[in-house]
Structure formats: structure tokens, C-alpha cells
Amino acid sequence: MKKYLFSLMMLAMGSALVTSCISDDDNNKKNSETITYTSGVYVINNGTWNQNNGSLTYFDYETLKTQQLLNGAGGLGDTPNDAYTKGDTIFVVGSTDNMIFVLNKKDFSIIKAISTTGTMGEKEGYNPRHITCYGNNIYFTTYGGYVGILDAKTLEMSQIKYQVGSAPEGLTVGGTNSEPILYVANSDYGYGNASISKINLSSGTVEEIKNEKIQNPQEIVAYGDILYILDWGHYDESWNQIDAGLYCYNNGVVTNLIENATGLGVGLVYLNGTTIVGYNLVTFNDPYGNTSKPTYSMFNTYTGTRTNLTLTGDQGYEIFSPAAIAVDPIRGYITIASRSMDPETGYTSYTLPGYANMYTSSGEYIKNSHFETGIEPHMIGFTFDKQTYTY
């Protein structure tokens with residue numbers, strides 16, 4: 001039987017989400033068990049484009065306190081776009097500044113800022129977008145049409161880079177243990193020439209997957225060679241967003257799982273509480289031009305079932321304009337970040353700080369989980385710690 005890789009499992013391994021070890025002490029015959037737990041959630045805030053006010057917000061699960069960090073110049077600069085947590089390090093993609101920022105998870109100080117254009121080339125490293133990890137390699141896409149590689153230990157950029165499709169966004173690792181595959185969502189800015197690049201990390205070969213239903217892929221998740229794709233569809237003459245949804249690509253066949261979806265969070269499905277058997281894909285639908293309240297859906301890849309999700313208990317903190325969604329891989333909580341309403345116009349504000357709420361997997365608001373973010377909250381990640389118990 002093939003051993004399949006799961007892109008979220010790669011995150012789990014990199015962040016030590018599922019570590020536990022029981023050992024005997026020869027002297028006192030005691031056992032110890034190390035538990036990994038989620039210690040907090042962070043939000044990467046785009047800020048206002050060209051205003052140099054990107055930032056990071058951190059919400060501590062234990063103290064329930066919020067920190068607004070790395071705001072603007074000397075911090076995350078202009079339009080940070082994505083991040084990846086690996087152990088005690090967070091890698092943040094600075095899109096407009098063409099940078100990868102390496103942060104210390106403990107105090108969020110910047111360990112190193114790496115120029116993607118300076119190391120990959122002006123064209124190749126232009127406008128880094130999304131990031132993931134496999135083993136000791138950090139992989140990231142650029143609007144130059146490439147995937148770059150950063151060594152997570154040495155923090156040196158590899159000379160190897162892969163040319164992919166137009167305007168690549170999200171990327172994920174799938175395939176098998178013996179033949180890992182990096183899949184890249186090439187959006188083509190929604191102009192109609194979208195594709196999925198398939199990079200064999202063992203051989204270095206790059207193939208292209210095209211399908212008429214894949215129009216504007218933004219995020220991608222792999223379960224072996226089955227792909228789950230958040231596609232933003234296209235826009236009509238009035239810039240109304242059409243055909244955005246969650247799609248499944250399986251052996252050349254593309255099916256629509258959730259017909260209306262513009263945001264995606266990925267949780268893990270466990271069998272007997274220990275074995276990862278699939279994903280719980282949580283989406284929101286708030287297309288550009290939308291005048292109705294956002295809606296939420298979930299798709300369990302293990303059972304193949306879709307359910308609608310209703311948010312409850314958040315009176316006074318209701319999500320107005322969802323901008324990012326994520327699922328805590330250990331606790332299963334759903335965090336949703338929202339833009340604020342402009343008090344003068346009643347419309348979505350792109351210049352005011354946003355906010356975030358946390359919900360149970362059934363959509364119930366978690367008390368005291370509301371916190372303010374920076375301007376334009378865009379991506380949500382988690383931090384993890386360990387606790388050893390002796391008994």
C-alpha cells in the first residue's frame with residue numbers, strides 16, 4: 001500500500017503537532033508523555049497597498065491578550081501575504097517588498113530578511129506570494145512564474161528553482177513518500193490560461209495540468225494525488241465575481257464540491273483520534289460585489305459529505321466581511337478574520353483595522369475569542385508548544 005503525504009500533515013510534522021512519547025525512567029520507574037498543544041493564533045495583515053503598513057497580530061490562547069507586531073517599515077513592510085510555521089520559526093512572505101522574513105516564534109523578532117529578487121533574479125523572484133514546506137525546504141511561489149527554495153536550517157536560498165505557470169498562488173505537497181509531488185496553483189490573474197503545475201521533487205520534472213473548469217485557482221490542498229482547489233472563477237463586466245467555488249481534481253476529472261466559495265480553511269479528519277484520514281475543508285462565500293450576508297460550508301473528504309455552517313453566539317462581534325479562515329489542526333477551532341464596516345458608509349472598509357473570532361466546528365462562538373487585527377487581515381496561522389507530564 002502506498003504511504004500518502006498530506007500537505008497539512010507536512011505542516012503538522014514541521015510544527016511537531018502530533019508528538020508524544022512514553023519512556024521508562026530506569027531510576028524511578030516513572031513514565032513521561034510529551035503533549036503538543038496550540039498556544040496561539042496569528043494573523044498576517046496586508047495593510048493598505050503602497051502604504052508600508054503590513055503587520056502581524058498575535059492572540060495568546062492562555063492570556064487572551066492580543067499583540068500588534070511588526071507594523072510597517074522595519075517590520076513586515078508592504079503587503080505581507082502568507083506565512084508558514086516550522087518549529088520555533090515563522091516564515092513570512094513579503095510580496096510587494098520581494099522578501100522572505102524569518103521570525104522567531106517566541107518573541108516575533110526578525111531573524112533574517114531575505115530578498116527573493118536578490119537571490120533568485122529580478123524577474124524570477126518578483127512578488128513572492130505563497131509558501132509551504134517539505135522536509136527542510138521552504139517552497140514559495142513568485143509572480144515571476146517560479147517556485148523558489150529556501151533551506152529552513154541554513155536560511156540560504158537554493159540555486160534550484162522551478163519555472164511554473166502564470167501568476168502562481170498557493171502550493172501544496174502530495175504524492176507519496178517515495179515520490180513527493182509539489183502542486184502549484186497558477187491563476188493567470190483570472191485571464192483564462194490557468195493551470196496546475198506538478199513538480200516531481202525527486203526527479204525535478206515539471207508537468208502542467210489544465211482543465212476548462214480550473215479558471216482562477218488560488219489555494220490548493222493535496223491528499224496523495226487528489227487535489228482540492230479553491231478557484232475564484234471569473235468576473236463579469238461589472239466586476240461581479242462568478243463561478244468561485246471549491247473543486248476536486250482526481251485523475252483528470254474535475255468536480256465541484258461547494259459551488260459558492262471564496263475562502264478556504266483546512267482541518268484534519270482523524271480516525272480513532274490518532275490517524276489522519278482526510279481533510280475537513282471549511283469555506284466562506286463572500287464574492288466581490290456581494291450584497292448579501294456571507295455563507296459558510298464544510299466538506300469532509302473522508303466521508304464525502306457537505307454541510308452548511310451557521311455562525312451563532314457572536315452577537316456584537318458578527319463577521320461582516322470575511323477575509324481569511326483557518327482551522328486549528330489540534331483543537332479543531334475555526335478562526336475567521338473580517339474586515340470592518342465603515343461607520344460612515346456602511347460598506348466594507350479597506351483602511352480600518354479588522355478583527356477575528358473563533359468558533360467551534362459546529363459554528364458556535366467561543367467566549368472571549370474576539371480580537372482586533374491590523375488592516376486587511378489576510379492569512380491565519382498557529383503557534384505550538386509542548387508540555388511534558390511525568391507520572
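These are my notebook entries on a predicted model of one protein.

**Entry 1. Overall dimensions**

I began with the whole chain. The protein has two helices and 31 strands. I then looked up the radius of gyration, which is 20 Å for the 391 residues; a compact globule with that number of residues would have a value near 21 Å, so the two agree. The C-alpha trace spans about 75 × 55 × 45 Å along its principal axes.

I looked at burial and surface next. Of the 391 residues, 55% count as buried. The accessible surface comes to about 17800 Å², and carbon and sulfur atoms hold 47% of that. I also checked how contacts spread along the sequence: among those between residues at least 6 apart, 46% join residues at least 24 apart.

**Entry 2. The largest nonpolar core**

Which residues touch the most other members of the largest nonpolar core? I found F91, I100, I131, I138 and L150, in a core of 16 residues. At least two residues of this core come from each of strand 6 (89-94), strand 7 (99-104), strand 9 (128-134), strand 10 (137-142) and strand 11 (146-151).

I followed I138 further. Leaving out residues up to four places away in sequence, I138 touches Y84, F91, I131, T132, C133, G148, I149, L150 and A152. F91, I131 and L150 are thus among the contacts of I138, and they also appear in the list of core residues that touch the most other members.

**Entry 3. Strand 5 and strand 6**

Y84 from the I138 list led me to strand 5, residues 80-86. Seven of the seven residues of strand 5 are buried, and the strand is mostly covered. Strand 5 runs antiparallel to strand 6, and six bridges join them. Within this pair, Y84 stands opposite F91; I138 touches both of these residues. The two strands form a hairpin with two residues between them. In the turn, G87 has a positive phi of about 60°.

**Entry 4. Strand 23 and strand 24**

I looked at a second hairpin. Is strand 23 (residues 263-271) largely enclosed or left open by the rest of the structure? Seven of its nine residues are buried, so strand 23 is largely enclosed. Strand 23 pairs with strand 24 (residues 275-285) in the antiparallel sense, over nine bridges. I noted one bridge by name: G263 has F284 in strand 24 as its partner. Three residues lie between the strands of this hairpin, and N272 takes a positive phi near 60°.

**Entry 5. Two open sheets**

Strands of a sheet pair through backbone hydrogen bonds, either parallel or antiparallel. I looked up the order and pairing in two sheets.

The sheet with order 13-14-15-16 is open, has four strands and pairs antiparallel. Strand 13 (168-175) and strand 16 (206-209) are at its edges; each has a single partner strand, so one side of each lacks a neighbour in the sheet. From one strand to the next the twist averages 25°. Six bridges link strand 13 to strand 14 (residues 180-186) in the antiparallel sense, and G175 stands opposite P180 in strand 14.

The other open sheet also consists of four strands, in the order 17-18-21-22, with antiparallel pairing. Which strands stand at its edges? I found strand 17 (217-223) and strand 22 (253-258), each with a single partner strand, so one side of each is without a neighbour in the sheet. Neighbouring strands here are turned by 25° against each other on average, direction ignored. Strand 17 pairs with strand 18 (residues 226-231) over six bridges in the antiparallel sense. In that pair V221 stands opposite Y228.

**Entry 6. Positive phi outside glycine**

I ended with two loop residues. N368 has phi near 65°, a positive value in a residue other than glycine. N368 is in the loop between strand 29 (353-359) and strand 30 (371-375). Its relative accessibility is 45%, so N368 counts as partly exposed.

E376 is another non-glycine residue with positive phi, near 55°. E376 lies in the loop between strand 30 and strand 31 (377-390). Is E376 buried or exposed? Its relative accessible area is 14%, and the cut-off for buried is under 20%, so E376 is buried.

Conventions: Residues numbered from 1 in each chain as written. Predicted model: local features only at pLDDT ≥ 70, side-chain atom pairs only at ≥ 80, totals over all residues. Heavy atoms only, no water. Core = buried A, V, L, I, M, F, W, Y, C linked by side-chain atoms within 4.5 Å. Buried < 20%, exposed > 50% of the residue type's maximum accessible area, 1.4 Å probe, protein only. Contact = heavy atoms within 4.5 Å. Pairing = 2+ DSSP bridges. Rg over C-alpha atoms; globule rule 2.2 N^0.38 Å. Areas by Shrake-Rupley, 256 points an atom, 1.4 Å probe, with all protein chains shown as cover. Axes fitted to C-alpha atoms, helices over the stretch in contact; angles between N-to-C directions.
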